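Trainee: Could we go through this one together? I'd like to see how each label is earned.

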Amino acid sequence: MPEIHNQLVPIIQSHVIDGNFTVKDAASKCLAIIFKYQHHVPARDDLLEFIMKKLAISKNFSHRRAFIWFCKHVVSIIPF
């Protein structure tokens, strides 16, 4: 899956950053699904680093909102 990760994830990340309200929510859901099924540790760490640096601690409100959507989707997708 690293090949898919290298091609698909940057596109989804750009949609999370630059998309409109609906696109950001859908892209956040896609990232949550990829995060769940990503077993390649370096790729998963890269994705987590993007989420933490670009979304969670961003000064932009819409990026922090996308982080909340990502968390909402992760909680709904990953069972406890």
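**Rings, burial and the core**

Trainee: Why is F21 called exposed?

Mentor: Keep in mind that this is a predicted model. F21 has a relative accessible area of 53%, and exposed means over 50%, so F21 gets that label.

Trainee: And what makes W69 buried?

Mentor: The cut-off for buried is under 20%. W69 comes in at 12%, so it counts as buried.

Trainee: Why is the pair of F21 and W69 called edge-to-face?

Mentor: The centres of F21 and W69 are 4.9 Å apart and the planes make 85°. Pairing needs centres within 6.5 Å, and edge-to-face needs planes over 60 degrees apart, so the pair of F21 and W69 fits on both counts. It links helix α2 to helix α4, across 48 residues.

Trainee: How do you know that F35 and F70 are edge-to-face?

Mentor: Run the test again: 6.1 Å between the ring centres is within 6.5 Å, and 75° between the planes is over 60, so the label holds. F35 is in helix α2 and F70 in helix α4, so parts 35 residues apart in sequence are tied together.

Trainee: Why are F35 and F70 called buried?

Mentor: F35 has a relative accessible area of 12% and F70 has 6%. Buried means under 20%, so both qualify.

Trainee: What sits over the ring of F35?

Mentor: The charged end of R44, 4.2 Å from the ring centre.

Trainee: Which residues have the most contacts inside the largest nonpolar core?

Mentor: V16, L31, L47 and F70, in a core of 16 residues. Helix α2 gives the largest share, 5 residues.

Notes:
Residues numbered from 1 in each chain as written. Predicted model: local features only at pLDDT ≥ 70, side-chain atom pairs only at ≥ 80, totals over all residues. Heavy atoms only, no water. Core = buried A, V, L, I, M, F, W, Y, C linked by side-chain atoms within 4.5 Å. Buried < 20%, exposed > 50% of the residue type's maximum accessible area, 1.4 Å probe, protein only. Helix = DSSP H or I, 4+ residues; strand = E, 2+ residues; numbered from the N terminus. Phe/Tyr/Trp six-rings, centres within 6.5 Å; stacked < 30°, edge-to-face > 60°. Lys NZ or Arg CZ within 6 Å of the ring centre and 35° of its normal.
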